[in-house]
Structure formats: structure tokens, C-alpha cells
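Grab a coffee and work through these short exercises with the viewer open. Each one has a task sentence and then a solution in steps.

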Amino acid sequence: MNHESAEAHVTPYRTYVYVWISLVVLTGVTVTVASLNLGLASILVALAIAGTKSTIVLAQFMHLKNERGVFKILIPLAVLILVVFIGLTFTDVAFR
Amino acid sequence: MTDAAASTAIEHHHADAEGARLGMWLFLLSEIFLFGGLFLVYSVYRFKNPADFHAGAAEMSRFLGTLNTVVLLTSSLTMALSIAAIQRANRSLSSWMLGFTIALSLVFLVNKYFEWTAHIGRGIYPNSHYLLSQPKGTILFFGLYYTMTGLHGVHVLVGALVLTVMLVLVRKRVVDSKSYVLLENSGLYWHLVDIIWIFLFPLFYLIT
């Protein structure tokens with residue numbers, strides 16, 4: 001019995017609809033912010049919103065929140081390594 | 001005795017599905033690093049040519065970019081609903097949602113076709129006479145634009161083909177409420193394609 005309940009996390013349909021609404025709203029926010037001409041801040045805001053949207057997709061649509069620890073460690077760790085690589089290489093180019 | 005055998009079978013199946021998902025995730029991580037390298041190239045060239053990248057982005061249709069973003073987000077919703085439906089053994093709803101997902105992927109590609117032909121019609125394509133007369137940064141911007149949206153477009157096309165196979169498998173009951181890891185893994189791939197677009201969209205369409 002225990003195994004069966006652990007096997008499938010059945011999410012209500014409406015949860016996915018709420019997730020979709022939040023993603024569309026965030027898209028609207030990022031388009032609006034882009035037309036405000038905030039300069040450097042607009043890049044940071046755009047990336048922050050893209051990061052937030054991706055996290056929502058990963059956790060909800062891709063069910064990472066329901067997976068076991070190995071998934072919850074492995075995937076964020078790989079993404080973190082990519083961010084560090086991009087960050088370090090970029091700063092090397094920028095401040096050389 | 002039979003009870004014990006049955007529960008072992010369930011455990012066994014459970015482990016297989018999880019292993020299959022983990023394998024899919026490892027593949028997706030390699031995809032993330034493939035695109036990650038391109039994002040790094042983009043950020044360095046953009047840092048070195050801010051004005052040219054700004055001019056290049058001015059050639060983009062913000063409307064079509066936003067439309068395609070909403071199209072892909074909606075296809076991710078229908079994909080997730082398709083899996084949620086098969087979990088509830090609702091084969092009909094699952095098939096419909098898969099069908100919508102495939103249709104939306106084609107809408108995305110048709111929009112992309114209009115965008116690309118509009119640019120090519122104005123003489124903006126790799127090695128074109130017009131583009132070569134532009135500053136170096138603009139040439140780099142459009143080179144990256146065609147490479148990154150092109151590679152992403154190939155992923156959308158592959159995703160549409162995989163989801164079409166899934167639709168056949170759901171109809172044939174190969175994928176059902178007891179064994180749906182194939183559909184889950186196809187969904188993971190589809191959502192990743194969506195995530196890559198989530199980053200491509202602001203970088204190419206929303207530069208100010």
C-alpha cells in the first residue's frame with residue numbers, strides 16, 4: 001500500500017492551470033518591464049523573471065518537487081555548476 | 001505468497017520508472033549544457049557589442065516573440081494535463097491533451113517560419129550582402145539568433161515527432177495508467193524545450 005502511494009503523485013488538474021496562469025502573468029511582467037527602458041536593471045529583471053519561470057516549470061510541470069532526494073540534489077547542482085561556469089568565464093572576459 | 005509476489009512486482013516497476021526518469025534527466029542535463037555554452041557565447045558577445053545587439057534586437061517582432069512564448073507555455077500545460085489524465089486512466093482526455101500539445105508545437109514552428117522568412121526577405125541571413133555590410137556586433141547577433149532559435153526549433157520539431165509517437169502508444173494502450181513513464185519522459189523533454197525558450201525570448205526580443 002505504502003509503495004503504491006509513493007509511486008504516483010497525482011496532482012489536481014486545477015493546480016496545473018494555476019501554474020500556467022502564473023507563468024503567463026510573469027511573461028506579461030517581463031514584456032512590460034522591457035518597455036520601461038531601465039538600462040542595466042532591465043537585463044537583471046529579465047533574467048530573474050526567466051529564472052523564476054524556469055524554477056516553476058521544473059518544480060511543478062516536471063514534478064521535481066515530488067521526486068526523491070537524488071533528483072532534488074543532482075539537478076539543481078548541475079544547474080548551479082552551469083551558472084558558476086558562465087559567471088566565472090563572463091567575469092574573466094569582462095575584467096581581464 | 002501471491003501478495004508478496006505482487007508487491008515485489010510493484011516495487012520493481014516503481015524502481016524501473018524512477019531509473020528511467022533519472023536517465024532522462026541525465027540526458028536533459030547534457031542538453032542544458034549544450035545550450036548553456038551558446039548562452040555563454042551570447043553573453044560575452046553582447047557585453048562586447050552592446051549597441052549592435054540593441055540594433056539587432058530592434059529588428060525582432062516583440063509581438064510574435066510574446067505570442068510564441070504563450071504558445072509554448074500553453075503547450076506545457078496541455079502536456080502536464082495529458083500525464084495527469086493518464087494517471088487517472090482517462091485515455092481519451094490524455095489523447096486530446098497530447099493532440100493539443102502537438103498542434104501548439106506546430107503553431108510555434110509556423111510562427112517561427114514567418115519570422116525567419118520576414119528576416120530573410122529583408123536580406124538578413126548569414127553571409128547575405130546586406131548583413132555583411134553591417135557592424136561586426138550585428139552580424140554576431142544574427143548569427144547567434146539563427147543558431148540558437150534554429151537549434152531550439154529542431155528540438156521543437158523532434159518533440160512534436162516524439163509526442164506523435166506517444167499519441168499512437170496511448171491510443172494502442174501501450175502507455176496506460178499503470179505504465180506511463182514513456183509519456184512522462186517525453187513530457188520532461190517537452191518542458192525543457194519550453195525552459196530554453198523562456199531564456200531565449202528575453203535575450204533576443206526584449207533587449208533595451
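Helices (H or I, at least four residues) and strands (E, at least two) are DSSP runs, numbered from the N terminus. This is a predicted model, where local features need pLDDT of at least 70, side-chain atom pairs count only at pLDDT 80 or more, and totals for chains, interfaces and linings use all residues. Residues are numbered from 1 along each chain as its sequence is written, while chains are lettered from A and ligands numbered from 1 in the order in which they are written.

**Exercise 1.** Find the residue just after H3(B) that takes a positive phi, and check the span of helix H3 of chain B.

Solution. Start with the span: the expected value is 1.5 Å times one less than the number of residues. Helix H3 covers residues 62–87 of chain B, 26 residues in total, so it should span 38 Å, and its end C-alpha atoms are indeed 38 Å apart. Now step past the helix end: B:Ala89 has a positive phi of about 60 degrees.

**Exercise 2.** Do the same job on helix H6 of chain B.

Solution. H6 runs over residues 136–171 of chain B, giving 36 residues. From its first C-alpha to its last it reaches 52 Å, close to the expected 52 Å. After H6(B) comes B:Arg173, with a positive phi near 65 degrees.

**Exercise 3.** Sketch the overall make-up of chain B.

Solution. Count the elements: seven helices and zero strands. Next, the box: the C-alpha atoms fill roughly 80 × 30 × 25 Å along the principal axes. Finally, burial (20 or more other C-beta atoms within 10 Å of the residue's own, with C-beta atoms placed from the backbone): 37% of the 208 residues of chain B count as buried.

**Exercise 4.** Describe the side of chain A that touches chain B.

Solution. Take contacts as C-beta atoms, placed from the backbone, within 7 Å. Then 35 residues of chain A are in contact with 36 residues of chain B. Elements giving two or more residues to this side of chain A are H1 (2–7), H2 (13–34), H3 (40–61) and H4 (69–94).

**Exercise 5.** Which elements of chain A have the lowest and the highest mean pLDDT?

Solution. pLDDT is the predictor's confidence in each residue, from 0 to 100. Chain A averages 89, and 92% of its residues score at least 70. By element, H1(A) is lowest at 42 and H2(A) highest at 96. Over residues 1–6 of chain A, pLDDT stays under 50, and the model has five contacts beyond four places in sequence for them.

How values were computed:
Buried ≥ 20, exposed ≤ 12 C-beta atoms within 10 Å, placed from the backbone. Contact = placed C-beta atoms within 7 Å.
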